[in-house]
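Trainee: Please show me the model, and let us examine how its descriptive terms are justified.

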Amino acid sequence: MTPALNVQAALSGKRVLITGSTGFLAKVVLEKLIRSVPDIGCIVLLIRGSANGADARARFERDIATSSIFDRLRSERPAFLAGFFAEKIECITGEVTEPGFGMPISAFNALARRVDLIINAAASVNFREALDEALAINAISVQNITELARAGNAPLIQVSTCYVNGYNRGPMYEENVAPARAAIPQLAEGHYDLYGLLQHLKHRIAMVRAEVRDPDELARRLTELGIAEANYHGWNDTYTFTKWMGEQLAMAAMRGRALTIVRPSIIESTLQEPAPGWIEGVKVADAIILAYARGKTSFFPARPNEVVDIVPADLVANSIVLASAEALSTKPATRIYQACTGSSNPITVGSVIGLIQGESQRNWRQYERLFYHEPKHDFRVVSRPVFLLMLRAMRLGASGWSGVRKLLGASESPRLEALRTTQLLALTFSFYTAPRYVFHNDRLQALAQRFSSEDQARYNVDAGTIDWREYLCRIHMTGLNRYALRPRSPKSVEAAAAAADVPVTEETEAKAAPIKI
């Protein structure tokens with residue numbers, strides 16, 4: 001019988017490097033490691049310097065150490081947390097998109113010698129990122145990270161996304177993904193040869209740069225290029241296209257070494273730890289919830305009877321910890337795990353909308369940062385052709401009314417702004433609300449079974465433990481209101497109360513954070 005794996009035994013005394021630590025998911029992983037593996041050797045955070053010259057430690061103190069993710073530890077074990085930050089958190093200034101992270105070769109080699117495990121959570125999570133930037137962070141940077149992993153003979157945990165499956169349909173398993181459209185050469189080892197594709201993309205980027213000088217126009221053209229190339233090769237957006245490329249580059253570089261790819265689906269607030277509902281910024285579903293709450297949209301293209309895959313952030317972090325323990329305890333191999341809910345505890349798009357809308361209409365006063373007034377309209381989902389017809393008809397009416405308002409010296413019609421919001425949301429997210437596949441994670445569940453019952457409870461990855469009504473209607477809505485949105489000023493509260501029946505047109509009060517999956 002294979003001996004049980006053990007998180008404490010695997011990680012105690014180990015030196016773990018984490019990239020992307022200023023991001024949402026990496027903070028959940030960092031907090032979990034600090035709280036549940038206090039005997040870990042140290043945690044090295046690779047952080048880029050900021051524009052104002054602040055180094056990695058200054059950014060850690062400002063952007064990470066102050067996060068509400070640590071409120072539980074600050075309350076329960078303040079001295080331990082302060083000591084851990086001082087003694088076991090090492091911050092290194094580096095840029096993952098540059099060879100050697102932009103460090104002197106001697107410093108890079110010294111870093112490789114003192115790292116036992118790498119968790120790469122760095123990513124550009126903008127679905128419509130300019131192609132050059134998305135390529136740099138999601139694909140090219142992986143080559144730099146694997147260089148460190150090889151130099152230090154350290155296992156690599158590569159955080160990806162289930163949506164690397166692109167335009168493929170049907171059941172999606174924990175295996176390498178074939179492009180849904182354009183042919184890309186596949187090597188005998190299983191991964192795809194990206195040399196020709198990368199040369200093609202770099203050439204196209206260079207052509208656009210040679211044609212365009214205006215920075216705004218350049219960003220627009222490179223964004224359009226990214227979407228066009230993604231669609232041509234079989235992906236909906238630049239984010240998922242370049243994350244797939246990152247997987248292929250990691251498999252190529254780590255062949256024969258320890259590589260684990262962890263693919264989350266749509267990551268939302270925590271289910272239980274460190275606190276139910278903890279979230280940072282506005283994610284996929286939240287952007288639509290926020291637009292509905294502020295009267296910015298009332299209909300959306302979706303397939304209500306299809307399974308949408310939402311996973312709480314702590315289940316993803318737990319998956320990463322279990323994968324890390326396995327990578328440190330077993331023979332090197334390439335492994336793929338999907339942190340998802342669709343196969344074991346599915347919920348449909350229509351059910352998510354129904355639960356959140358019902359909670360919003362019943363208890364909107366409990367979410368004072370989210371709702372400025374009682375929602376007056378139902379949120380409707382329609383087919384894409386119907387959506388386009390509705391949008392066209394409403395745009396004509398709103399544009400005419402907006403023109404009259406301008407002639408009278410008034411500002412632009414709130415209805416026209418609402419239509420623009422709806423159109424932008426649909427452009428960005430409609431692919432994810434019209435799913436054509438179901439993600440499976442049998443291998444992740446089998447991995448969990450190799451740990452003790454205590455570890456299985458401490459690092460829960462079982463989607464069956466989610467009560468969707470409780471999670472969506474209580475935990476997530478409360479967390480979104482508490483953690484993701486700023487408190488309203490007394491002046492804005494008075495204004496909202498005075499204009500309870502007028503559509504709200506203020507910009508979102510969400511804390512600045514990218515929307516991602």
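**Terms and their grounds**

Trainee: Why is Cys42 called buried?

Mentor: Cys42 has 15% relative accessibility. Buried means under 20% relative accessible area, with exposed over 50% and partly exposed in between, for a 1.4 Å probe and protein chains only; Cys42 therefore counts as buried. Cys473, at 2%, counts as buried too. This is a predicted model, in which local features need pLDDT of at least 70 and side-chain atom pairs count only at pLDDT 80 or more, while totals for chains, interfaces and linings use all residues. Residues are numbered from 1 along each chain as its sequence is written, and side-chain values use heavy atoms, leaving out hydrogens and water.

Trainee: How many disulfides does the structure hold?

Mentor: Zero; a disulfide would be a pair of cysteine sulfur atoms within 2.5 Å.

Trainee: What makes strands E4 and E5 a pair?

Mentor: Two strands pair if DSSP finds at least two bridges between them. Strand E4 (residues 117-120) and strand E5 (residues 156-159) have three bridges, in the parallel sense, so the definition is met. Within this pair, Asn120 stands opposite Gln158 in E5.

Trainee: Where do E4 and E5 sit in the sheet?

Mentor: The open sheet of seven strands has the order E3-E2-E1-E4-E5-E7-E11, with parallel pairing. Strand E3 (89-93) and strand E11 (334-339) are called edge strands because each pairs on one side only, where pairing again requires DSSP bridges.

Definitions and conventions
Helices (H or I, at least four residues) and strands (E, at least two) are DSSP runs, numbered from the N terminus.
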